[in-house]
Amino acid sequence: MNEAQHQQRQQRLKQRVDARIEQAQREQGIFMIFTGNGKGKTTAAMGTATRAVGHQKKVGVVQFIKGTWENGERNLLEQAGVPFYVMETGFTWETQDRTADTQACLNTWQHALKLLNSPQYDLVILDEITYMITLNYLPLEDVINAITSRPAHQNIIITGRACHRMLIELADTVTEMRPVKHAFDSGIKAQKGIDW
């Protein structure tokens with residue numbers, strides 16, 4: 001491809017991009033989902049939180065699975081004023097107590113509702129909430145009602161595997177993480193600062 005052909009191709013691309021930008025002028029909060037079996041769902045959500053904080057946006061995080069397990073994102077974002085509300089029972093496969101896990105989930109959900117009802121928050125992250133719905137600890141209808149009745153400017157990110165199809169249909173942006181290869185599968189230990 002010569003220089004003139006390259007320039008023509010790039011000009012056509014620019015025209016298409018400019019046209020799409022021109023069409024997307026509505027302003028409202030975005031509902032995003034990071035789902036799938038691949039690694040990086042929480043990391044993507046926390047990256048978005050960091051971006052929002054960098055633009056002086058108010059962010060709140062609710063984590064439904066991580067428990068008291070230390071994580072680097074929380075270490076950093078709490079210093080920047082981001083509140084974290086964590087279901088402190090941790091991984092459900094560790095507790096193996098449905099009644100206690102359900103109650104812990106419902107208690108944590110109350111924190112989520114406060115964030116979702118507050119016009120102060122520009123971004124609310126509901127990390128690993130899909131598991132709470134799948135395990136029937138939290139009614140799907142309650143989550144949908146909270147998302148659809150939030151302040152109009154508020155952005156929401158939910159993460160977790162096996163996201164319910166009704167949430168996917170409701171969302172504005174859905175990204176599915178697909179596993180291709182993972183170090184853990186070949187026996188490499190999870191590393192602080194990389195995996196958590």
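**Exercise 1. Decide whether Q56 and N136 are buried or exposed, and describe their backbone.**

Solution. Begin with Q56, which is exposed because its relative accessible area is 69%, where buried means under 20% relative accessible area, exposed over 50% and partly exposed in between, with a 1.4 Å probe and protein chains only. Next, place Q56 in the loop between α2 (41–54) and β2 (59–63); helices (H or I, at least four residues) and strands (E, at least two) are DSSP runs numbered from the N terminus. The phi of Q56 is near 60°, a positive value in a residue other than glycine. Then turn to N136, which lies in the loop between α6 and α7 and is exposed, with a relative accessible area of 59%. N136 also has a positive phi, of about 60°, although it is not a glycine.

The model is predicted, so that local features need pLDDT of at least 70 and side-chain atom pairs count only at pLDDT 80 or more, while totals for chains, interfaces and linings use all residues. Residues are numbered from 1 along each chain as its sequence is written, and side-chain values use heavy atoms, with hydrogens and water left out.

**Exercise 2. Describe the largest nonpolar core and state which element gives the most to it.**

Solution. A nonpolar core is a set of buried Ala, Val, Leu, Ile, Met, Phe, Trp, Tyr and Cys residues joined through side-chain atoms within 4.5 Å. The largest has 30 residues, and those with the most contacts inside it are F64, W109, L126, I158 and L167. At least two of its residues come from each of β1 (31–35), α5 (98–116), β4 (123–127), α6 (129–134), α7 (140–148) and β5 (155–159), and α5 gives the most, with 6 residues. Now follow L167: leaving aside residues up to four places away in sequence, L167 touches F31, I33, I133, L140, V143, I144, I147 and I158, a contact being heavy atoms within 4.5 Å. A second, separate core has 16 residues, including A49, V61, I125 and M177.

**Exercise 3. Locate T175 and find which residues T175 touches.**

Solution. T175 is found in strand β6 (residues 173–176) and is partly exposed, with a relative accessible area of 30%. Not counting residues up to four places away in sequence, T175 touches I33, F34 and T35. For T175 and F34, the separation is 141 residues in sequence but 5.0 Å in space, C-alpha to C-alpha.

**Exercise 4. Find the salt bridge and say where its two residues lie.**

Solution. A salt bridge is a side-chain nitrogen of Lys or Arg within 4 Å of a carboxyl oxygen of Asp or Glu, and by this rule the count comes to 1. The side chains that meet are those of R74 and E78, at 3.1 Å, N to O. Both residues lie in helix α3 (residues 72–79), 4 residues apart, about one turn of the helix. As for accessibility, R74 is partly exposed at 24%, and E78 is partly exposed with a relative accessible area of 37%.
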